[in-house]
Amino acid sequence: MTSRAPEGPVFVGNRQPAPQSLADVLERVLDKGIVIVGDIQVRLLDIELLTIKVRLMVASVDKAKEMGIDWWENDPFVSSLAEEEEKPALEERLKALEERVNGSGGDREQ
Amino acid sequence: MNSDGATVLHAYGVVPASSPIELPSSGIDGAQVEVAEASGLVALVSRLDGTRYGEEVWRAHAEDPDWLAGFATQHQEVLGAVATTCDVLPFRIPGMYDDEARLLAVLEEEKELLRRGLEAIGGHVEWGVHIFLTDAPDEEPAEQPRTGRDYLRRRSEQAGSRERTAEARRTRVLDAYEAIADAATHSVANPPQDPALSKRSEPMLLNSAHLVPRDRKDPFFAVLGEVQDLLRGDGMVVEVSGPWPAYNFVHLATEELQA
């Protein structure tokens with residue numbers, strides 16, 4: 001058989017091709033493959049930590065949106081916060097967001 | 001830090017020196033994909049803008065899922081295209097070098113490891129297999145319990161039945177993995193993917209990777225089809241992705257070294 005190999009997932013069961021999964025790419029590129037010394041030595045998130053981070057971000061954004069809060073989508077403060085500090089840890093950024101939310105939340109609770 | 005700083009070199013992976021390669025038309029950020037040859041190896045590289053991919057930028061985005069995902073996707077696009085026709089040993093990211101001289105020096109240092117890696121995966125591609133539970137068979141409809149004791153007994157029976165079903169399912173998935181692995185040269189089972197990344201709500205029962213000779217693709221897919229036929233009745237679906245460069249089998253390079 002000389003047909004071209006499929007470029008993405010093939011559903012052996014459903015016979016419908018699906019887009020190549022980001023999870024498939026990330027678990028390979030972040031955690032597998034040959035590691036040889038390079039000139040940029042920086043510790044990247046491995047797939048487990050990245051997943052936790054994505055879940056935290058999604059959970060906090062979803063929860064806030066549920067409450068009708070989405071001010072950050074157009075708020076210059078959020079972008080300026082990122083510029084002022086080197087690279088705030090996730091916890092600090094969430095804390096800053098929470099403090100802002102609680103500050104304005106009091107007005108909305110009626 | 002290199003003297004220039006304007007460009008940095010990204011290495012995607014290495015291919016055997018003898019191979020004819022079809023280079024993709026572009027790589028990360030639209031940069032050209034080029035080759036750098038040394039020590040009997042050919043590295044696939046792109047020169048990138050230092051202000052976008054230099055050390056400070058990597059540090060700033062080391063924990064940025066979107067940025068990393070963007071880079072990773074483009075990195076794999078190049079490697080995936082090459083892998084369809086050529087053996088390639090993929091590098092993990094960042095894979096960044098100040099310049100070509102630095103990369104060639106590292107390739108020289110690591111040439112044994114890289115040669116053994118290419119040898120181990122030579123003539124093979126990687127296929128990924130997932131088994132999802134899409135349709136759990138219905139539990140038997142319960143008669144209305146007449147007493148409290150009946151109710152508790154019914155609950156206990158159902159829990160036991162679910163546990164036995166789950167156990168039976170695990171056994172069938174293990175059997176499926178072994179059957180698939182029989183059709184491959186090397187196989188590995190990885191932890192199931194988190195739905196936050198996979199965006200799939202169905203439980204993932206198997207997440208495996210298989211190193212299969214290029215000319216054995218049809219028998220491998222035939223086994224996948226047989227496994228799918230056997231599992232369909234239990235509400236499980238088999239999915240395959242690839243062909244991938246042999247990301248999951250680079251450890252064979254060091255095992256060869258130790259042999």
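Which side chain meets that of B:Glu202 in a salt bridge? The partner is B:Arg200, with N and O 3.2 Å apart. This is a predicted model. Both residues of the pair sit between the two extremes of accessibility. B:Glu202 is partly exposed, at a relative accessible area of 24%. B:Arg200 is partly exposed too, at 21%. The cut-off for buried is under 20%, so neither value qualifies.

That pair is one entry in a longer list. Over all chains, a search of the whole structure finds 20 salt bridges. Side chains of opposite charge can pair when their charged atoms come close.

Turn next to helix α6 of chain B, which spans residues 148-182. Here B:Glu157 forms a salt bridge with B:Arg153. Their closest N and O atoms are 3.3 Å apart. The two residues are about one helical turn apart, because four residues separate them in the helix. B:Glu157 has a relative accessible area of 40%, which makes this residue partly exposed. B:Arg153 is also partly exposed, at 46%.

Helix α6 of chain B also holds B:Glu167 and B:Arg170. These residues are three apart, again about one turn of the helix. They form a salt bridge, and the closest N and O atoms lie 2.8 Å from each other. What is the accessibility of each partner? B:Glu167 comes out at 39% and is partly exposed. B:Arg170, at 43%, counts as partly exposed.

Now move to the interface between the chains. On one side, 60 residues of chain B are in contact; on the other, 45 residues of chain A. The size of an interface is often given as the accessible area lost when the parts come together. For chain B and chain A, the buried area is about 4800 Å². Carbon and sulfur atoms give 64% of that area.

Polar and charged links cross this interface as well. The count is 20 residue pairs in polar contact between chain B and chain A, with both residues at pLDDT 80 or more. Strand β9 of chain B, residues 236-244, supplies the largest share of the side of chain B that touches chain A, with eight residues. By type, the residues on that side of chain B divide into 31 nonpolar, 15 polar and 14 charged. The rule finds four salt bridges across the interface.

One of the residues to follow here is A:Asp39. Where is A:Asp39 placed in chain A? A:Asp39 lies in the loop between α1 (22-29) and α2 (47-66). A:Asp39 forms a salt bridge with B:Arg102, and the closest N and O atoms are 2.5 Å apart. The side chains of these two residues are also joined by a polar contact of 2.5 Å. A second link runs to the backbone: the nitrogen of B:Asp98 is 2.7 Å from a polar atom of the A:Asp39 side chain.

Is A:Asp39 buried or exposed? A:Asp39 is buried, because its relative accessible area is 16% and the cut-off is under 20%. Setting aside residues up to four places away in sequence, A:Asp39 touches B:Glu55, B:Met96, B:Tyr97, B:Asp98 and B:Arg102.

A last stop is a network. Salt bridges link A:Glu27, A:Arg28 and B:Glu126.

Methods:
Residues numbered from 1 in each chain as written. Chains lettered and ligands numbered in written order. Predicted model: local features only at pLDDT ≥ 70, side-chain atom pairs only at ≥ 80, totals over all residues. Heavy atoms only, no water. Contact = heavy atoms within 4.5 Å. Buried area = accessible area lost by both parts, 1.4 Å probe. Polar contact = N/O pair within 3.5 Å; in protein donor to acceptor, adjacent residues only side chain to side chain. Nonpolar A, V, L, I, M, F, W, Y, C, P; charged D, E, K, R; others polar. Buried < 20%, exposed > 50% of the residue type's maximum accessible area, 1.4 Å probe, protein only.
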